[in-house]
Structure formats: structure tokens, C-alpha cells
Amino acid sequence: MGMTITEKICARASEKTEVKPGDMINATVDKLYIKDLRFAKAEDPKGLYGVFKELLNSIGITRAWDPERVIINFDEQPARNTKRAEGQLTAKKFKEEHGATVYEGELAGIGHNVMVEKGHVKPGEFIVGADSHSCTYGALGCFSTGIGFTETVGVLATGKIWLKVPPSIYVELKGKPPSWIWGKDIILRIMAALGPNGAINRTIEFGGAAAAEISMDSRLCMCNMAVEMVALNAVFPPDERSIEYVKQVCPGGFQAVHSDPDAEYESRRVFDLTNMEPFVAAPGVPSNGRPIGEFIGTKIDQAFIGTCSNARIEDLRVAAKILKGKKVHAGVRMIVTPASYGAYFQARDEGLLEVLQKAKVLVTASECGICTRPSLTSGETCISSGNRNFPGRMGDRDAKIFLGSPATVAASAIAGEIVDPREFL
Amino acid sequence: MKRLFKGKAWKFGDCLDSGNINGVMAGVDPEFHKKVQPGDIIVAGINFGMGSSSENAPRSLKDAGIAAVIAESISNIYLRTLINLGLPAIECSGISQVVEEGDELEVNLESGEVRNLSNGAARRFAPFSDGTIAILDKGGLIPFLRETLARDEV
């Protein structure tokens, strides 16, 4: 019987010739991503470092499984609370004692983007990360999913993880995507169609003729949002575009994996992207997406381009294109937080940051920023390129968060209300 | 860990993200931590624990003495974390239709059944795998690893 990309990677990682959905596997992990915050204070017996150290002591092991495979990133710099500062200090201590690759300073940004840009993600790999958005890496044709820190301790000790092989949903993209459509629009539409529970603990496998036309930055956004439909992982089949990208950022070889023609999918969904409208998700859950027409005229107080979902160079370019020579509406604060220093420096070199600043955008250091830090008060409304619009996610529970593409965010910032970005492109 | 146990049900809705579960359901009911008793059971709708992989939310339920979480569906990361902390997390279709707040439930992890002792209704769920039962029996992943790695069985 044929296998999907995800099944093939699960089989290879667990040294089996064949697996099927529902099989329990004990997989060897190729890469483990950990963010600074997870480490906690070294002396905290309930923190990642404390639990790991206690485990090693109790079984008489001194080293972590494989320092070559452990990547740590500082997601917020400078640390804005003591907890984060402690996590960063402990992460450095961990590196000294066990070895690991640590990204900080101008090499960092948001970890998921750093993982990809610095070449730690390769097609065919089995990757886990101590953050829910570790599903982002599937854009490069690998298996990747988020885990909690207790499980992270398990991987650090053994290099392995127990997993039930997920069933796959095949999402066929066809037609000609119009120039005003980005990954965020497409994924919001798919999520709305599948419903809040439609992909739970399953794999989303993208495919179809239109998939090849979707940029890498848009693919990363689409896979990033997989966890927002409660999927286990999402994957794009490796193609010319992604292989070319991987060759640019990763030294060394890799084994690209493709689904067999007779692979079995739990279900198939088809989305025609021809003439597609921009999409926006209403507050509550990210699967609340509808065509933008239903939201036109909604007044906003804040516009945000940032997060591991959308603040890559493609997003900064479109924001600058829309905001060039314009001004953010007087009643709106607009914040742009590049997703990594790679994107930040490229935007600077292309003159994009200056364009944004002249339009009265507050450009911040590269980090998770206000996606994880309160910035909205009761009654305020934000249009965000981020991935989460849960009540209270960006501050007060009564604040409203709409999700849209960076083009929609930039255009709405100028108008002071949600508008169709096509009028500004 | 007990494989057969009884507890009082507290009922919650759909799509509760881990941010709102954190602090023993503080985002939904700031007073809940005062009402809940050790051994109580949380019953919820779809997508319980969606969102962040932070362990603060599942740990707050563990620390409050919750005996089990039973929901229509549970996010993978959240479900795994609860089990890794030694707290049974059960996906059980139709559970919210047969349970009202305050009902007395009996859970059998081996046979895969929840019985509502207050109204006589019952719902089945997929019994836990041997591996999951082994982790729960030891009280979570870390105590499980401590024992198995010491015996060099992993």
C-alpha cells in the first residue's frame, strides 16, 4: 500500500518499512527546537532544566542525547520579565554543560523563522519543537510538530518520542491564485471550510497544481497556522521552489520524500484559488474566516504585522508597497515586528523599514512581541497578521482581534478601519 | 494511578485555549479554583487545550487535583502533556450531551467507558494503549523514564 509524506517520514524515523494511521511508533528525532522561556530558572525543580538535571542525576547519565541536534533561540530580546531572563541564562548554562546551537542577539528573532533561515530544517526530517508553532517547518517538506516541555526533557534524554501516526487530509489547491492573495488568505479560507474541529490531530498535506505557485514565505505561514486548526502537522510536498530554497540555506544533502500515487487519505478537499477574495478571521478562533467584504468598515485601534506566522520579507515588502508615501490613520497605532533579524536586515537594506517609519509605523526589534505580550485594553480592536485571535490573547479579554494578511493589515492601518487591500495595491 | 475512579463533573464549552485554561480555568471562571475539589473531573467540548504548548495550563489542573479531563476532542500537545504529567486525558465523543455540571461520573480507563452515575448514561472511548497506561501508572513521563532508563530499556 502507498504511503503519504508524513507516513514515510514516520516510518523512516522509527526504522519501519511501512506504517499506517493509528500505529504507535517510537521515532528518533532529527532536530529538537527549544525556546528560551521553556528553560526557566536553573534552580526551579519544576522547570525544564531542573527536571532534566534531576532525571539525569537519578539515572546516572551526564550528557544530553545529541548536542548537534538541539537548537535553542531567544524569542524575546531584551527579556522583558525576570522569567524570560532566567530562561535565557539557564539556556546558556545548558549549552555549556551539554552543548547546543544557541541563537541570540542579532542572529535571533522568532525561533521558527531562525530554524528555517539558518538551515536547521531539511526535507524528509522528523522535527519536534518545544513550542506549538513548530509545525511551521512542514513548508520545507518535513514532519514537524510542537511538544510540551516534559516531553522535551524526554527527547533530550533519549532522542526519541512516542507518537500515533496521524491520518492525512489532502488539500488540493487548483486554479490561478490572484496577485492580491497570500498564504494567510488561503489558510484562513481552508480553516473556515474545515471547521474548528475538522483537522484535529491530523496531518494537512497540501498539493495540487496551484501549490507550486505559492511562495516559500506563504507556505511557511500556511503550515504555521496548522496548529490553529488543531492539526498535528502540515506539509507541502518538496518541489523545485522549496528544494532551491533549501539548497540556499542548508549545507549538505537531504532526502526529499514524496507521497505515493496510491497513498491513502482520510479525506480530500479541493480549493480553487482563481479570483479568490482576501480573507479575514473574526475574533474568537482562527477558523472564523470569511471573505473580507463582510468586515469592511470595522473601526480599528491597532494594526500589527508580526509573529512567526507573517512578518517575513514578502510581508514587509507588501506592507511597504502599500504604505509608501502614505500615513497610518491618526487614530491607529501600527506596529511592525520583523519575524527574524534575517528579514529585518534585508528589509533595512531594501529601504523598507524607512518607508514604514515615514508612514508613522512603529518598527520594533525582531521578536514575538505583542503576539504574546498584552497591548490591547477593553473595547479596543486590532487587525493582526498573527495566528491567534483567542479572547485575551493580546491583552484584555474584551478586546477584539481580527486576523488578516499583511496587505489587509497595512491597508486597514491607513484607512482606520478594515478595508479591501486591492484598493491599495 | 487508579484505572477505575469516580468524580464530580465540572462542565465547560468548546475551543478553550490553553491561555484561558491556565490558572485552573481562570480565563473562563476566575473563582473556579476555589470551587474545585481534588478528584473532580473536567468535561469539555471540542478542541480542549488548543493553542500554546506552555505547560502552565495543564500543570494548574494537575496541581488542583483534577482526576481526569474528558472532552469531545483534545489538542494533541495538550493531551500528551496531561498524560506526561500523569493526568488521564480522554477524548470521548458525545460526552457533553450526557453530562450536566455536578453529575457523578465513573471512569474505567482499561475498558474505555465513562458512566454517568447521576443519570445512568454511558459513553465509550478508545482504551488507552499499553504505553500510555505505563506512563500514567508511574505518575507521568519523567518517573516512567527514571525507571525505564535506569533499567536501560528505552
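**Exercise 1. Backbone outliers and burial**

Does A:Asn275 count as buried or exposed, judged by its C-beta neighbours inside 10 Å? Locate A:Asn275 and describe its phi, and then treat A:Thr307 in the same manner.

*Solution.* The model is predicted.

Step 1. A residue is buried if 20 or more other C-beta atoms lie within 10 Å of its own, and exposed if 12 or fewer do. A:Asn275 has 10 C-beta neighbours inside 10 Å and therefore counts as exposed.

Step 2. A:Asn275 is placed in the loop between β11 and β12 of chain A, and its phi is near 55 degrees, a positive value in a residue other than glycine. The sign deserves a remark, because most residues other than glycine have a negative phi.

Step 3. For A:Thr307, phi is near 80 degrees, again a positive value in a residue other than glycine, and the residue lies in the loop between β14 (302-305) and α9 of chain A. With 25 C-beta neighbours inside 10 Å, however, A:Thr307 counts as buried.

Step 4. A further backbone feature is the cis peptide bond that joins A:Gln77 and A:Pro78, with omega at about -5 degrees; A:Pro78 is found in the loop between β3 and α3 (82-98) of chain A.

**Exercise 2. The open sheet and strand β3**

Work out the strand order of the five-stranded open sheet of chain A, and then describe how β3(A) is paired and which way its residues point.

*Solution.*

Step 1. The order of the five strands in chain A is β4-β3-β2-β5-β6, and their pairing is parallel. The edge strands, each of which pairs on one side only, are β4 (101-103) and β6 (143-146) of chain A. From one strand to the next, the twist averages 20 degrees.

Step 2. Strand β3 (residues 70-73) of chain A pairs with β4(A) in the parallel sense over three bridges, and within this pairing A:Thr101 of β4(A) is the bridge partner of A:Ile71.

Step 3. β3(A) is also joined to strand β2 (residues 31-35) of chain A, by four bridges and again in parallel. Here A:Asn73 in β3(A) stands opposite A:Lys35.

Step 4. In a regular strand the side chains alternate between the two faces of the sheet. In β3(A), A:Val70 and A:Ile72 point one way while A:Ile71 and A:Asn73 point the other way, and all of them are buried.

**Exercise 3. Two helices and their surroundings**

Establish why α6(A) can be called largely enclosed by the rest of the structure, and then list the buried residues of α10(A) and the helices they pack against.

*Solution.*

Step 1. Helix α6 (residues 183-194) of chain A has twelve residues and reaches 16 Å from its first C-alpha to its last, close to the 16 Å expected at 1.5 Å a residue.

Step 2. Eleven of the twelve residues of α6(A) are buried, so the helix is largely enclosed by the rest of the structure. Among the buried residues are A:Lys184, A:Asp185 and A:Arg189, together with A:Ile186, A:Ile187 and A:Leu188.

Step 3. The elements that cover these buried residues include β8 (168-174), α7 (216-224), β11 (267-272) and β18 (400-403) of chain A. Just after α6(A), A:Gly195 takes a positive phi of about 85 degrees.

Step 4. In helix α10 (residues 341-349) of chain A, the buried residues are A:Tyr341, A:Gly342, A:Ala343, A:Tyr344 and A:Ala347. These pack against α4, α9 (313-323) and α11 (352-358) of chain A, and α10(A) is followed by A:Gly351, whose phi is positive, near 80 degrees.

**Exercise 4. Contacts between domains and between chains**

Describe the contact between domain 1 and domain 2 of chain A, and then the side of chain A that touches chain B.

*Solution.*

Step 1. Chain A is divided into domain 1 (5-251 + 265-269) and domain 2 (279-424), and their centres, taken over C-alpha atoms, are separated by 25 Å.

Step 2. In the contact, 34 residues of domain 1 of chain A meet 34 residues of domain 2 of chain A. On the domain 1 side, α4 (111-117), α6 and α7 of chain A each supply at least two residues, and α6(A) gives the most, with six residues. That side divides into 14 nonpolar, ten polar and ten charged residues.

Step 3. The contact between the chains takes 32 residues from chain A and 29 residues from chain B. On the side of chain A, the elements giving two or more residues are α2 (48-59), α5 (149-158) and β7 (160-164), and the largest share, seven residues, comes from α5(A). By class, this side of chain A has 17 nonpolar, ten polar and five charged residues.

Definitions and conventions: Residues numbered from 1 in each chain as written. Chains lettered and ligands numbered in written order. Predicted model: local features only at pLDDT ≥ 70, side-chain atom pairs only at ≥ 80, totals over all residues. Pairing = 2+ DSSP bridges. Axes fitted to C-alpha atoms, helices over the stretch in contact; angles between N-to-C directions. Expected span 1.5 Å × (residues − 1). Contact = placed C-beta atoms within 7 Å. Nonpolar A, V, L, I, M, F, W, Y, C, P; charged D, E, K, R; others polar. Domains from an automatic or database assignment.
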